[in-house]
Amino acid sequence: MITVDDLATAIEAGIRGEDRRLEYDEAFDLAQHVLNFFGYSNRIIDNVLEPEDRDTFYMLEDAGILTTEREEITLYDGREWRIHYWLFRRDKIGGIIEESEATSDSDSNEYADIYSGEDIDWGARKRE
């Protein structure tokens with residue numbers, strides 16, 4: 001089951017670019033909005049989305065958080081009917097969260113051990 005916090009973290013980490021950057025509060029609100037469509041279901045039908053919401057879902061698909069699926073059904077008169085669905089990519093969401101945590105850990109500790117070495121000679125350089 002995907003929690004609002006997990007989805008918000010994935011959205012915050014997954015939607016980064018030159019012109020796009022979401023803060024955690026915005027990502028949290030977006031995560032709640034998206035989860036309201038899904039409820040307790042694993043997938044939703046595309047027809048329930050308004051154009052603005054569909055644009056958001058496409059953005060999340062580009063980030064690797066959502067994916068689409070379609071099903072073809074034969075109607076009683078022999079015609080084929082396509083139904084489009086949206087699904088969470090749970091494996092990808094977990095990967096985005098892990099990558100985000102690893103990146104934030106390495107960013108915060110990037111320069112932590114610069115001055116910790118004992119073999120550093122802080123004396124003046126000698127010219128030969």
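User: In what order do the helices and strands run from the N terminus on?

Analyst: The overall order of elements is the place to begin. In this predicted model, the elements of the chain run α-α-β-α-β-β-α from the N terminus on. The chain has four helices and three strands.

User: How do the three strands form a sheet, and in what order do they lie?

Analyst: Order in a sheet is read across the strands, from one edge to the other. Here the three strands form an open sheet in the order 1-3-2, with antiparallel pairing. Strand 1, residues 43-45, and strand 2, residues 66-74, are the edge strands, each of which pairs on one side only. On average, and with direction ignored, neighbouring strands of this sheet are turned by 30° against each other.

User: Over how many bridges does strand 3 pair with strand 1, and over how many with strand 2?

Analyst: Each pairing is taken in turn. Strand 3, residues 80-88, pairs with strand 1 in the antiparallel sense over three bridges. With strand 2, strand 3 also pairs in the antiparallel sense, over nine bridges.

User: Which residues of strand 3 stand opposite given residues of the edge strands?

Analyst: Individual partners give the register of a pairing. On the strand 1 side, isoleucine 44 stands opposite tryptophan 86 of strand 3, and isoleucine 45 has tyrosine 85 as its bridge partner. On the strand 2 side, threonine 67 stands opposite leucine 87, while glutamate 71 stands opposite isoleucine 83.

User: What is found in the hairpin of strand 2 and strand 3?

Analyst: For a hairpin, one reads the residues between the strands and their backbone angles. This hairpin has five residues between strand 2 and strand 3, and glycine 78 takes a positive phi near 95° there. Arginine 79 also has its place in the loop between these strands. Leaving aside neighbours within four places in sequence, arginine 79 is in contact with Ile73 and Thr74.

User: Is arginine 79 buried, partly exposed or exposed?

Analyst: Relative accessible area decides the class. Because its value is 48%, which falls between the cut-offs of 20% and 50%, arginine 79 counts as partly exposed.

User: Where does helix 3 lie with respect to the strands?

Analyst: The position of a helix on a sheet is described by the strands it crosses and by an angle. Helix 3, residues 51-62, lies across strand 1, strand 2 and strand 3, and runs at about 115° to strand 2.

User: What does histidine 84 touch, and how is its accessibility classed?

Analyst: One first places the residue, then examines its surroundings. Histidine 84 lies in strand 3. Not counting residues up to four places away in sequence, histidine 84 touches Ile44, Ile45, Asp46, Glu69 and Arg70. Its relative accessible area is 41%, so histidine 84 is partly exposed. The C-alpha atoms of histidine 84 and asparagine 47 are separated by 7.8 Å, although these residues are 37 residues apart along the chain.

User: Is glutamate 12 buried or exposed, and with which residues is it in contact?

Analyst: Polarity alone does not settle the matter; the class is read from the accessibility. Glutamate 12 is found in helix 1, residues 4-14. Because its relative accessibility is 18%, below the 20% cut-off, glutamate 12 counts as buried. Apart from neighbours within four places in sequence, glutamate 12 is in contact with Arg21, Leu22, Glu23, Tyr24 and Ala27.

User: How far apart in space are glutamate 101 and alanine 13?

Analyst: Separation in sequence and separation in space are read side by side. Glutamate 101 lies in helix 4, residues 90-108. From C-alpha to C-alpha, glutamate 101 and alanine 13 are 9.3 Å apart, and they are 88 residues apart in sequence. At 46% relative accessibility, glutamate 101 counts as partly exposed.

User: What share of the residues counts as buried, and what share of the contacts joins residues 24 or more positions apart?

Analyst: These are totals for the chain. Of its 128 residues, 27% count as buried. Among contacts with a separation of 6 or more, 51% are accounted for by residues 24 or more positions apart.

User: Which residues line the largest pocket, and what is its volume?

Analyst: A pocket is described by volume, lining and chemical character. The largest pocket has a volume of about 170 Å³. Its lining consists of Met1, Ile2, Leu35, Phe38, Gly39, Tyr40, Ser41, Asn42, Phe88 and Arg90. These residues divide into six nonpolar, three polar and one charged.

Methods
Residues numbered from 1 in each chain as written. Predicted model: local features only at pLDDT ≥ 70, side-chain atom pairs only at ≥ 80, totals over all residues. Heavy atoms only, no water. 1 Å grid on protein atoms, 1.4 Å probe; cavity = no way out; pocket = protein on both sides within 12 Å on 5 of 7 lines; lining within 4 Å. Points joined across faces, edges and corners; volume = space filled by probe spheres on them. Nonpolar A, V, L, I, M, F, W, Y, C, P; charged D, E, K, R; others polar. Pairing = 2+ DSSP bridges. Helix = DSSP H or I, 4+ residues; strand = E, 2+ residues; numbered from the N terminus. Axes fitted to C-alpha atoms, helices over the stretch in contact; angles between N-to-C directions. Contact = heavy atoms within 4.5 Å. Buried < 20%, exposed > 50% of the residue type's maximum accessible area, 1.4 Å probe, protein only.
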